[in-house]
Amino acid sequence: MNRPEREAAVRRVMERVPPPVPPELHAEVVRRGTRMLRRRRAARRVMWFLLFAASIAFVVWAVMARPWVEPPSETTPPLTGW
């Protein structure tokens, strides 16, 4: 199928009359959309809470473990008895 044939096929599809939509479909779509938005909002809140809890856990771990402090050297024995 070359380009003019594709364009003609698209024009035929676009010129067709759309099928009628059932009247009760609107209420169903609104109900599903509302439910979907509630779920997204709840998922977003859970993700923010988990991010906040993870950051608090990281801060507590960092304060307790202090990874920025260099550990003492254990390769040489202590100098005692001089």
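Lys and Arg count as positive and Asp and Glu as negative. Keep that in mind as you work through this predicted model.

**Exercise 1. How many positive and negative side chains does the protein have, and how far apart are the centres of the two sets?**

Step 1. Sort the side chains by charge: the protein has 15 positive and 7 negative ones.

Step 2. Now compare where the two sets sit: their centres lie 9 Å apart.

**Exercise 2. Is the protein a compact globule or more spread out?**

Step 1. Begin with the secondary structure: there are 2 helices and 0 strands.

Step 2. Look at the radius of gyration, which is 33 Å, whereas the globule rule gives 12 Å for 82 residues. The value is well over the rule, so the protein is more spread out than a compact globule.

Step 3. Add the dimensions: the C-alpha trace spans about 100 × 40 × 10 Å along its principal axes.

Step 4. Finish with burial: 2% of the 82 residues count as buried.

**Exercise 3. Which residues are linked with Glu28 in a network of salt bridges?**

Step 1. Recall the general idea: side chains of opposite charge can pair when their charged atoms come close. The cut-off to apply is a nitrogen of Lys or Arg within 4 Å of a carboxyl oxygen of Asp or Glu.

Step 2. Test Arg31: its side chain meets that of Glu28 at 2.6 Å, N to O, in a salt bridge. Both residues lie in helix H2, 3 residues apart.

Step 3. Test Arg32: the closest N and O atoms of Arg32 and Glu28 are 3.0 Å apart, again a salt bridge. This pair also lies in helix H2, 4 residues apart, about one turn of the helix.

Step 4. Put the pairs together: Glu28, Arg31 and Arg32 form the network.

**Exercise 4. Where do Arg3 and Glu7 lie, and what is the distance between their closest N and O atoms?**

Step 1. Find them in helix H1 (residues 3-15), 4 residues apart, about one turn of the helix.

Step 2. Read the distance: the closest N and O atoms are 3.0 Å apart, and the two residues form a salt bridge.

Step 3. Check accessibility. Arg3 counts as exposed because its relative accessibility is 57%, and the cut-off for exposed is over 50%. Glu7, at 33%, counts as partly exposed.

**Exercise 5. Which residues form a positive surface patch?**

Step 1. Collect the members: Arg35, Arg38, Arg39, Arg40, Arg41, Arg44 and Arg45.

Step 2. Take one of them, Arg41, and place it in helix H2 (residues 25-65). With a relative accessible area of 43%, Arg41 is partly exposed.

Definitions and conventions: Residues numbered from 1 in each chain as written. Predicted model: local features only at pLDDT ≥ 70, side-chain atom pairs only at ≥ 80, totals over all residues. Heavy atoms only, no water. Patch = residues over 30% accessible without salt bridge, like charges linked within 9 Å, V, L, I, M, F, W, Y side chains within 5 Å. Areas by Shrake-Rupley, 256 points an atom, 1.4 Å probe, with all protein chains shown as cover. Charge placed at Lys NZ, Arg CZ, Asp CG, Glu CD. Buried < 20%, exposed > 50% of the residue type's maximum accessible area, 1.4 Å probe, protein only. Rg over C-alpha atoms; globule rule 2.2 N^0.38 Å.
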